[in-house]
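Q: I have a fold in front of me and want to learn to read it. Where should I start?

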Amino acid sequence: MSLKKALQTRSESKCELCAATESLAVYAVPPSSNGSADEHLLICATCCEQIENQEKIAANHWRCLNDSMWSPVPAVQVMAWRMLKRLSNEGWSRDLLDMLYLDEKTQAWAEATSEEKSRAGDVKHIDSNGSVY
Ligand SMILES: [Zn+2]
């Protein structure tokens, strides 16, 4: 079964984030390693554009995550988490993020992209002598 077919079956040919049925494409959730359906999503052009281009993000579009974040598919949970993070200046998305529980492996994946990492911040505390503690 081809990747796209596998994803169409899993998603019932709907965008796995917003349930749109038009202009669906395969999206590899970075960082992906083995090319399996587990690391891919079927998403619509609208979701795809806003994932790739932060300036195009329309916060209200992502209210769809209210439903899709409960997907049993880890790749969907990862993208839901990442988008909610990006939108975390919206009150509703912070509330959803609080409710979104990822298991350890999925959480590590969600945080694995450099963008999310740099946001989470690799904070080092330096005392007055300049030594890191
Ligand atoms: Zn979509």
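A: Start with the contacts. This is a predicted model. Take the contacts between residues at least 6 apart in sequence: 53% of them join residues at least 24 apart.

Q: Which two residues 30 apart in sequence show separation in sequence against separation in space?

A: Take N89 and A59. They are 30 residues apart in sequence and 9.8 Å apart in space, C-alpha to C-alpha. N89 belongs to the loop between helix 4 (74–86) and helix 5 (91–99). N89 is exposed, with 8 other C-beta atoms within 10 Å.

Q: How many helices and strands does the chain have?

A: There are seven helices and two strands. Along the sequence the pattern reads α-β-β-α-α-α-α-α-α.

Q: How do the two strands pair, parallel or antiparallel?

A: Antiparallel: strand 1 and strand 2 pair over five bridges. For one facing position, look at A28, which stands opposite H40 in strand 2.

Q: What does the loop between strand 1 and strand 2 hold?

A: Strand 1 covers 24–28 and strand 2 covers 40–44, and P31 is in the loop between them. Check omega there. The peptide bond joining P30 and P31 is cis, with omega about -15 degrees.

Q: How should I read the two faces of a strand?

A: Begin with the general idea. In a regular strand the side chains alternate between the two faces of the sheet. Now apply that to strand 2. H40, L42 and C44 lie on one side, and L41 and I43 on the other. All of these residues are buried, so both faces of strand 2 are covered.

Q: What share of the chain's residues count as buried?

A: The chain has 133 residues, and 26% of them count as buried. In strand 2, five of its five residues are buried.

Q: Which residues have a positive phi although they are not glycine?

A: Two cases to inspect are E12 and S23. E12 has a phi of about 55 degrees. S23 has a phi of about 50 degrees. Neither E12 nor S23 is a glycine.

Q: Where do E12 and S23 lie?

A: E12 is in the loop between helix 1 (3–11) and strand 1. S23 is also in the loop between helix 1 and strand 1.

Q: Why is E12 classed as exposed?

A: Count neighbours. The cut-off for exposed is 12 or fewer other C-beta atoms within 10 Å. E12 has 10, so E12 is exposed.

Q: How many such neighbours does S23 have?

A: S23 has 13 other C-beta atoms within 10 Å, so S23 is partly exposed.

How values were computed. Residues are numbered from 1 along each chain as its sequence is written. This is a predicted model: local features need pLDDT of at least 70, side-chain atom pairs count only at pLDDT 80 or more; totals for chains, interfaces and linings use all residues. Helices (H or I, at least four residues) and strands (E, at least two) are DSSP runs, numbered from the N terminus. A residue is buried if 20 or more other C-beta atoms lie within 10 Å of its own, exposed if 12 or fewer, and partly exposed in between; C-beta atoms are placed from the backbone. Two residues are in contact if their C-beta atoms, placed from the backbone, lie within 7 Å. Two strands pair if DSSP finds at least two bridges between them.
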